[in-house]
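Please look through the sequence and the model shown here before reading on. The paragraphs that follow go from the overall layout to a few individual residues.

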Amino acid sequence: MSAECSSYLNADKVLVSGFSCPRTGGDASAVYCCGFQDVKYCCDDPHSFFPYEHSYMWWLSVGALVGLSIAAVVLFAFIITVCVLCYLFISTKPRSKLDTGLSLQMA
C-alpha cells in the first residue's frame, strides 16, 4: 500500500514537489500522506495531525510544573508575610483605652 502526497507551498512559500509514501530510506510503515496544506509527511496513522514526536510535550509539562511550583512558593511566602504582619499589627495595639488627657471630676 502506498499514498501520494501532492506538491504544496510550505510556510516560506517555497514549492515542495509531490512524493509517494513510504519514502525511500524512510520508515516502511509510513504509508499514509499526513499533514496540512503547508507541510506534508509520510506517517503510519492516517489520523495523525502533527509531524513531531510527542516527547516534546513532556518537556513542556516539566516546564509548566516548575513554573507552577515557583508561583506556589511565591504565593505561599506572600500569604505567610501577610499573616505575620497582621499578627504583629494586632499584637502591638495597646490593650487599654487611650487616655484622652481629661479627667472627669464631680462638681
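In what follows, helices (H or I, at least four residues) and strands (E, at least two) are DSSP runs, and they are numbered from the N terminus. With that convention in hand, the order of elements in this predicted model can be written, starting at the N terminus, as β-β-β-β-β-β-α. Put as a count, the chain has six strands and one helix.

How much of the chain is buried? Of its 107 residues, 11% are buried, where buried stands for a relative accessible area under 20%. The accessible surface of the whole chain is about 9,400 Å², and carbon and sulfur atoms contribute 67% of that area. As for contacts, if one takes those in the chain with a separation of 6 or more, 24% of them join residues that are 24 or more positions apart.

Some of the strand residues show what such pairings along the chain look like in space. L9, which is found in strand β2, has its C-alpha atom 7.4 Å from that of Q37, although the two residues are 28 residues apart along the chain. Leaving aside residues up to four places away in sequence, L9 touches V14, L15, Q37 and D38. L9 counts as partly exposed because its relative accessibility is 47%, a value that falls between the limits of 20% for buried and 50% for exposed. Y32, in strand β5, offers a second case, since it lies 29 residues from A3 in sequence while their C-alpha atoms are 5.5 Å apart. Y32 is likewise partly exposed, because its relative accessible area is 27%.

The loops hold two features of the backbone that deserve a careful look. In the loop between β2 (8-9) and β3 (15-16) one finds K13, a residue that has a positive phi of about 65° although it is not a glycine. K13 is exposed, because its relative accessible area is 65%. Further along, the peptide bond from C21 to P22 is cis, with omega near 0°, and P22 is placed in the loop between β4 (19-21) and β5 (32-35). These two features are worth pointing out because most residues other than glycine have a negative phi, and most peptide bonds are trans.

Which residue has its charged end over the ring of F19? It is R23, whose charged end sits 3.8 Å from the centre of that ring. Pairs of aromatic rings are another matter, for a search of the whole structure finds zero of them.

Finally, the helix leads to a feature of the surface. F76 is placed in helix α1, which covers residues 55-91, and F76 counts as exposed because its relative accessibility is 56%. Together with I80, V84, L85, Y87 and L88, F76 makes a nonpolar surface patch of about 630 Å².

Definitions and conventions:
Residues are numbered from 1 along each chain as its sequence is written. This is a predicted model: local features need pLDDT of at least 70, side-chain atom pairs count only at pLDDT 80 or more; totals for chains, interfaces and linings use all residues. Side-chain values use heavy atoms; hydrogens and water are left out. Rings of Phe, Tyr and Trp (its six-membered ring) pair if their centres lie within 6.5 Å; planes under 30 degrees apart count as stacked, over 60 as edge-to-face and the rest as tilted. A charge sits over a ring if NZ of Lys or CZ of Arg is within 6 Å of the ring centre and within 35 degrees of the ring normal. Patches are made of residues with over 30% relative accessible area and no salt bridge: like charges are joined within 9 Å, nonpolar side chains (Val, Leu, Ile, Met, Phe, Trp, Tyr) within 5 Å. Accessible areas come from the Shrake-Rupley method with a 1.4 Å probe; for residues, only the protein chains shown count as cover. A salt bridge is a side-chain nitrogen of Lys or Arg within 4 Å of a carboxyl oxygen of Asp or Glu. Buried means under 20% relative accessible area, exposed over 50%, partly exposed in between (1.4 Å probe, protein chains only). Contact means heavy atoms within 4.5 Å.
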